[in-house]
Structures are given as structure tokens and as C-alpha cells.
Amino acid sequence: MSGSNVWSRSREKIRLFPELLAQCTGEAAAYGKCVAATTTDRQELKKDLCAKEFEALKTCFLNAAKKRAR
């Protein structure tokens, strides 16, 4: 069954998540602080309020994944 390969690849990516996150703690903390600061007093999180922090976290994850693949 070819579908099992898709699930195997997905599970492997999910297993790598903690390792990648550990390499991006600063960026993750900055993004989390931004989200927390913009949602105080029960405000809704609005699109692009933390875009800069999210992009930094995304870039870090991608770079960490590239290093892992080598």
C-alpha cells in the first residue's frame, strides 16, 4: 500500500520537531512573547501582528532541517 509511505514520512518529520525546536529556542520565545503580548485582555490574534517573529522562527526551522538533512 503506497499510502503507508506518506504516513511514515509524516511521522518522521513529527519526531524531528523537538530536535529542531531545541535549535530555535530564541526565535520560538520571541514569537511566543509577541503572541502573548498581542492577545492580552482576551484580544484576538490578528494576522501579521507577529509576522516578523514568525518569519524568523520559520527561517530557523528551515535552516535547522537543512543541517539535519546533510
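Biologist: In this structure, does Phe61 count as buried or exposed?

Modeller: The model is predicted, and the accessibility is computed from its atoms. Buried requires a relative accessible area under 20%. The relative accessibility of Phe61 is 17%, so the residue counts as buried.

Biologist: Which residue has its ring paired with that of Phe61, the planes being at 35 degrees?

Modeller: The structure holds 2 aromatic pairs. In the pair that includes Phe61, the ring centres are 5.4 Å apart and the planes stand at 35 degrees, so the pair is tilted, and the partner is Phe17.

Biologist: How many residues apart in the chain are Phe17 and Phe61?

Modeller: Phe17 belongs to helix 1, which spans residues 3-22, and Phe61 belongs to helix 3, which spans residues 51-69. The pair therefore links distant parts of the chain. Phe17 is partly exposed at a relative accessible area of 43%, whereas Phe61 is buried. The separation of the two residues along the chain is 44 residues.

Biologist: Which residues form the largest nonpolar core?

Modeller: In soluble globular proteins, nonpolar side chains tend to be buried together. Here the largest such core has 6 residues. Helix 3 supplies the largest share of this core, 4 residues. The members are Leu20, Cys24, Leu57, Cys60, Phe61 and Ala64.

Biologist: To which cysteine is Cys24 joined by a disulfide?

Modeller: A search of the whole structure finds 2 disulfides. One of them has Cys24 as a partner, with an S to S distance of 2.1 Å. Cys24 lies in the loop between helix 1 and helix 2 (25-38) while its partner lies in helix 3, so the bond ties together parts that are 36 residues apart in sequence. The cysteine joined to Cys24 is Cys60.

Biologist: What is the angle about the S-S bond in the link of Cys24 and Cys60?

Modeller: Both cysteines of this link are buried. The link is left-handed, and the angle about its S-S bond is -95 degrees.

Biologist: Leaving aside neighbours within four places in sequence, with which residues is Cys60 in contact?

Modeller: Cys60 is a member of the largest nonpolar core. The disulfide partner of Cys60 is Cys24, and this residue is also found among the contacts. With neighbours within four places in sequence left aside, the contacts of Cys60 are Gln23, Cys24 and Glu27.

Biologist: Is the disulfide of Cys34 and Cys50 left-handed or right-handed?

Modeller: Cys34 and Cys50 are joined with an S to S distance of 2.1 Å. Cys34 sits in helix 2 and Cys50 in the loop between helix 2 and helix 3, 16 residues apart. Both are buried. The torsion about the S-S bond is about -90 degrees, so the disulfide is left-handed.

Biologist: With the bonded cysteines numbered in sequence order, what is the pairing?

Modeller: One disulfide joins Cys24 to Cys60, and another joins Cys34 to Cys50. Numbered in sequence order, the bonded cysteines of the protein have the pairing 1-4, 2-3.

Biologist: Which side chains meet in a salt bridge?

Modeller: Side chains of opposite charge can pair when their charged atoms come close. A search of the whole structure finds 1 salt bridge. The N to O distance is 3.6 Å, and the partners are Glu12 and Arg15.

Biologist: By about how many helical turns are Glu12 and Arg15 separated?

Modeller: Glu12 is partly exposed at a relative accessible area of 36%, while Arg15 counts as exposed at 56%. Both residues belong to helix 1 and are 3 residues apart, so their separation is about one helical turn.

Biologist: Which residue supplies the backbone oxygen that the side chain of Thr38 reaches?

Modeller: Thr38 is found in helix 2 and is buried, with a relative accessible area of 19%. Not counting residues up to four places away in sequence, Thr38 touches Gln43, Glu44, Leu45, Leu49 and Cys50. The side chain of Thr38 reaches a backbone oxygen at 3.1 Å, and this oxygen belongs to Val35.

Biologist: What distance separates the C-alpha atoms of Lys66 and Lys52?

Modeller: Lys66 has its place in helix 3 and counts as exposed at 52% relative accessibility. Lys66 and Lys52 are 14 residues apart along the chain, and the distance between their C-alpha atoms is 21 Å.

Terms used: Residues are numbered from 1 along each chain as its sequence is written. This is a predicted model: local features need pLDDT of at least 70, side-chain atom pairs count only at pLDDT 80 or more; totals for chains, interfaces and linings use all residues. Side-chain values use heavy atoms; hydrogens and water are left out. Rings of Phe, Tyr and Trp (its six-membered ring) pair if their centres lie within 6.5 Å; planes under 30 degrees apart count as stacked, over 60 as edge-to-face and the rest as tilted. Buried means under 20% relative accessible area, exposed over 50%, partly exposed in between (1.4 Å probe, protein chains only). A disulfide is a pair of cysteine sulfur atoms within 2.5 Å. A salt bridge is a side-chain nitrogen of Lys or Arg within 4 Å of a carboxyl oxygen of Asp or Glu. A nonpolar core is a set of buried Ala, Val, Leu, Ile, Met, Phe, Trp, Tyr and Cys residues joined through side-chain atoms within 4.5 Å. Contact means heavy atoms within 4.5 Å. A polar contact is a pair of N or O atoms within 3.5 Å; within protein, one must be able to donate a hydrogen and the other to accept it, and residues adjacent in sequence count only if both atoms are side-chain atoms.
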